Amino acid sequence: MELQFDKKGNIVRLKDMCEHVIGSGVLYYEEYLGGRLYALTAAHNLYEDGDLFGVLRKSIYVEVYSYTHQCYEPITIRNLSDSVACSPKKDADFAIIVLNKVDVDSINPNLSTIQIVNNCAETKSMLLLGFPKANNHKEVLSSNVTRIEERIGEQQFLLNMEQGIANFYVEGYSGGGIFVENEANENVLLGLFVRVQANEERGHLGYGQYLKGINTILEDKRLPTIHFGYFGVNGLTHNKLSNLCSKSKKNLGPDFGIDVKTSIQPYLDAVCRNDSFLKVFTESLEKWFRDIHFYGNESTSPTGLLETEFMEIKDHISHIISCLELQLPCEIDFSKCSSLINNFMSKVKSLMNSIYGQLRELHGESCRQDKESLNAYLSRLYTLERYCDGFSYAIRSTNYLFTNTPIAIIEGEAGCGKSYILGHLSDSLIKSHTPVVFLLGRDFDQKESIECNFKKLIGINCDLDVFLNNCNCIGIERNQRFMILIDAINETEGRHYWKNNLRAFVDLIKRYPAVGLILSIRSTYIKDEIPDNFTKDDSIHLIHHGGLRGNEEEAIHKFCNYYKIAAPTLPLLNPEYSNPLMLHISCEVAQKEGHGRFIMAHTGASSLFDAYRKVYDSKFDDKNDIYDGKHIVSKSIKAIAKEFVDIGADRISFDHCDRLLSEKVGVKYPTLLKDLITSCILSKDYVPGEEVEYIRFTYQRLSDYFMAEALINDCPNRDEIIEQFADAEFKKRLYKNTNISGIIEQFAILLPEKYNLDFWEVINLSEVDYLYKSGAEILLESLAWRSKEHIDVDKIVKYLKTENFSHFEYLNTLILLAPIPGHPFNSNRWHNTMKQMDLPHREQVLQRFLLDYSDVDNNYSCPHIDRLIEWAWRLGVSAEVDDEVARLTGQLMAWFLCSTKNALRDRTTKAMVNLLQGHVLSLISILKSFEGIDDPYILERLYAVAYGCILRTPNVSDKRLIGEYVYHYVFVDSNLPKHLLTRDYMCNH
């Protein structure tokens, strides 16, 4: 066997403090270990009495080879008990010495990465590396050994040693690595050498120690576990699959550095059955058990008997769950637990109905005590009902159905990030040494079967059935599925390829429970590429991906880090930022235009999208010399948008678009359409039921904007635009467009910026068919995209007063704009509106709004209130923002403190402290703005925030400023409130 790594660098020598060699070890390092590095060795080496495991050595030397000094240099481990995770058992004889990576790097900074496996199929020939006495422990010696088929339990295996070898010569090999070679000639660590024993029939037999149980002792010590690899056959090696995934991911285009955990990630984890799934599985069930408790002891009452029975059922469920088989290929079965809960629920419902009947028969004051008793019983029954419903929710939260039937299809609109989810999933699986195949739909040949495509793309020479069986064996051995990921199956050339082939492929996958399959497809292609009734199959999960909803803040900062631009210092609450394309455009414009700061929508859509065209003109100049200086992207966009307007649609056929670009832009650009598609400016698409392939703008908002712009480009001034919109032919041309609703939304932005007109001044919405939003909704949404210089407050307010719309949507828009300094609809407007209301009227409006517009909604999008709190609670936010942003944001959040939802009130209080602790002047300004407020809840929490800021700020002068304000306003001016808790907060200042 030929070693593929440097044996001197990775094999270490262990010595006691008298510098006697006590054994060997193997260095293991992966990036996820951070500043740690592991030395793996036999446990008995670390005990003074050897495999009696009685007395652990106090200190040892770990010697690492230095190429600089051409010798072994020691790292002293002075308190061995603090630096070792050990299994002191003869049949599980392994230990991990935790080293500081800095110490090892100072001696040898270029360690090789070693893969560790639990099994190596039929391989018998192996190589033992260590420091035996045969060469006086001076150098690493390699010895060929042969594995004998017998295994001692599941922990160790027998080895035939070289002929003539004796105990004397083997001494020092203990803890040395036993390496095997896979089909790709890669060396992997199978185990550690632990001892040799004489055998009359076979001579000297060695004992190899598998490392299967090593992660258990690492977990007990709360140390990062080892990522085991696999000994693949038929070419399924870790390095080969890693290279295949890297190639596929590279072909996706630029990596924006996003590794944001989206709302669909738990489902994907469940399909993979990885560690993240097992963690969620455990936590979901533990929470249910932890939340169950009853107050009082009523064991003899009807409800008390049921409560006692429920606790017995709970214990029974606990036993069933503890016996669940979580090892592949077993499915997770909750049917017994659900049956117990359902039967119990029937008894609860029956008793409830009985009590309801008794209550209906009780009349008059004389029955008051009986009614109270029965209502008390009902209250306890409601609690039991809640616990039963909670169990159903808990098992759903484990996502066990996804792990039992591991076939999923991710669908979503173009540009929502489906490809990057699969790309990063493949990355994370590869880093944890979990086997995964990542392929792109565009690479499949429509003329070949799926089996032939797999052979060609993966590079295997066996049947697909044999390949999947090998994958299944690896998955079962690792208890993590062998994942097959295929991105964008809609990009395979030839329509209906997957519709014709997918059913048979999925049926084949289903035969192998340790193999999982995840596909991605654009939503518009589902009817054309997914077999009929396929998505109704309970064993196949269709997952909708809505972009970065709920994780916008994290995504924004990761995008900015990737593009090396400053992150925004405002909370970006515009829902459009959940679209990766929007983030990409904003960051790329900021980077290329030299601003160096994230471009925000409220600075004006026109300036943002105009800069977008310039940036891509420049990128195409760099892409190909024939585009240089031709403004090729701007010309292409203008030509396509005008054609869309002329035909009244937002897409044209592929051939039509190709001819159009040749006619309007030039025939000398034969690859222009392809380049526009690969740059994500345009996308190919199908219309269900039609055979023609279409071209459209990838980002729908850009498409609407460019079409709206094309309609008014020929009008140089306000008078002409008014005249044009009054023209019957123009209106006919405009209103026939299938995307008229989106175009009018863009007019709401463009008309004020270019002509100082609002859309309702030139468009009669009653004449427009297929308008999905009211005029008020269009206006309110446009405010987030208009620069503040082009907002006429009086005109807008006057228009809104004439419209019939939800005032909650108006308040929601004010929250979106609240933190923007100088904006006419920032939190000053909210604050003035609320202060003008008396308490009863304000409560009627605000309580319902806070109830309906906070917490994550059913689409997993995060409402503005929760996004704002999340932003204010972010670590370090106080140091990033200026006083005015802090004041505007804090002023708005103070109104949330009146909520009857305790969780919202508490989260807001803590977030305000986190935000305002570095902005004392902003805090005092907020306190002043709420002087005389008639809501005791707000006043109490505001002074709790002030008290929190005093505790958190290290600046003594800032503490004094807050204290002086409170002293003068409350005590000098005699504004001491009646509320005792508020008084307490005030007095603590």
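Is W873 buried, partly exposed or exposed? W873 is partly exposed, because its relative accessible area is 39%, which falls between the 20% and 50% limits. Please keep in mind that this is a predicted model. Here are my notes, point by point.

1. **The loop around W873.** W873 sits in the loop that runs between α32 (864-872) and α33 (877-880). Its C-alpha lies 14 Å from that of L572, although 301 residues separate W873 and L572 in sequence. The loop also holds R874, whose side chain forms a salt bridge with E553 at 3.8 Å, N to O. The R874–E553 pair links distant parts of the chain: R874 is in the loop between α32 and α33, while E553 is in helix α17 (residues 552-563), 321 residues away. Both R874 and E553 are buried.

2. **The hairpin of β4 and β5.** Strand β4 (residues 60-66) pairs with strand β5 (residues 71-77) in the antiparallel sense, with seven bridges between them. If you want a place to start tracing the register, I60 has I77 of β5 as its bridge partner. Four residues lie between the two strands, and in this hairpin Q70 has a positive phi near 55°.

3. **A salt bridge from β1 to β4.** The side chains of K15 and E63 form a salt bridge, with an N to O distance of 3.3 Å. K15 belongs to strand β1 (residues 11-15) and E63 to strand β4, so this contact ties together parts that are 48 residues apart in sequence. Both K15 and E63 are buried.

4. **Other salt bridges.** In total, the structure holds 39 salt bridges. One of them joins the side chains of E588 and K619 at 2.8 Å, N to O. Here the linked parts are helix α18 (residues 580-592), which carries E588, and helix α19 (residues 605-623), which carries K619; the two residues are 31 apart. How do the two partners compare in exposure? E588 counts as buried because its relative accessibility is 5%, whereas K619, with a relative accessible area of 28%, is partly exposed. Elsewhere, D758, E761, R786 and K795 are linked in a network of salt bridges.

5. **Strand β19 and its two faces.** Strand β19 (residues 541-544) has H541 and I543 on a covered face, and L542 and H544 on an uncovered one. As a reminder, side chains in a regular strand alternate between the two faces of the sheet. Strand β15 (residues 407-412) pairs with β19 in the parallel sense over four bridges. Within this pairing, E411 has H544 of β19 as its bridge partner.

6. **A negative surface patch.** D719, E720, E723, D727 and E729 form a negative patch on the surface. Which helix gives the largest share of the patch? Helix α24 (residues 718-726) does, with three residues. E723 lies in that helix, and it counts as exposed because its relative accessibility is 58%, over the 50% limit.

7. **A nonpolar surface patch.** Y967, F971, V972 and L976 make a nonpolar surface patch of about 360 Å². V972 is part of helix α38 (residues 956-972). With a relative accessible area of 43%, V972 is partly exposed.

8. **Backbone details in the loops.** If you plan to go over the backbone torsions, here are some entries for your list. L328 and P329 are joined by a cis peptide bond, with omega about 10°; P329 is in the loop between α8 (302-322) and α9 (335-361). N136 has a positive phi, near 60°, and is a residue other than glycine. N136 is placed in the loop between β9 (125-130) and β10 (141-152), and its relative accessibility of 53% makes it exposed. N756 also has a positive phi, near 55°, in a residue other than glycine. N756 lies in the loop between α26 (740-755) and α27 (775-782), and with a relative accessible area of 52% it is exposed.

Note on methods
Residues numbered from 1 in each chain as written. Predicted model: local features only at pLDDT ≥ 70, side-chain atom pairs only at ≥ 80, totals over all residues. Heavy atoms only, no water. Pairing = 2+ DSSP bridges. Patch = residues over 30% accessible without salt bridge, like charges linked within 9 Å, V, L, I, M, F, W, Y side chains within 5 Å. Areas by Shrake-Rupley, 256 points an atom, 1.4 Å probe, with all protein chains shown as cover. Salt bridge = Lys/Arg side-chain N within 4 Å of Asp/Glu carboxyl O. Lys, Arg positive; Asp, Glu negative; His and termini not counted. Charge placed at Lys NZ, Arg CZ, Asp CG, Glu CD. Buried < 20%, exposed > 50% of the residue type's maximum accessible area, 1.4 Å probe, protein only.
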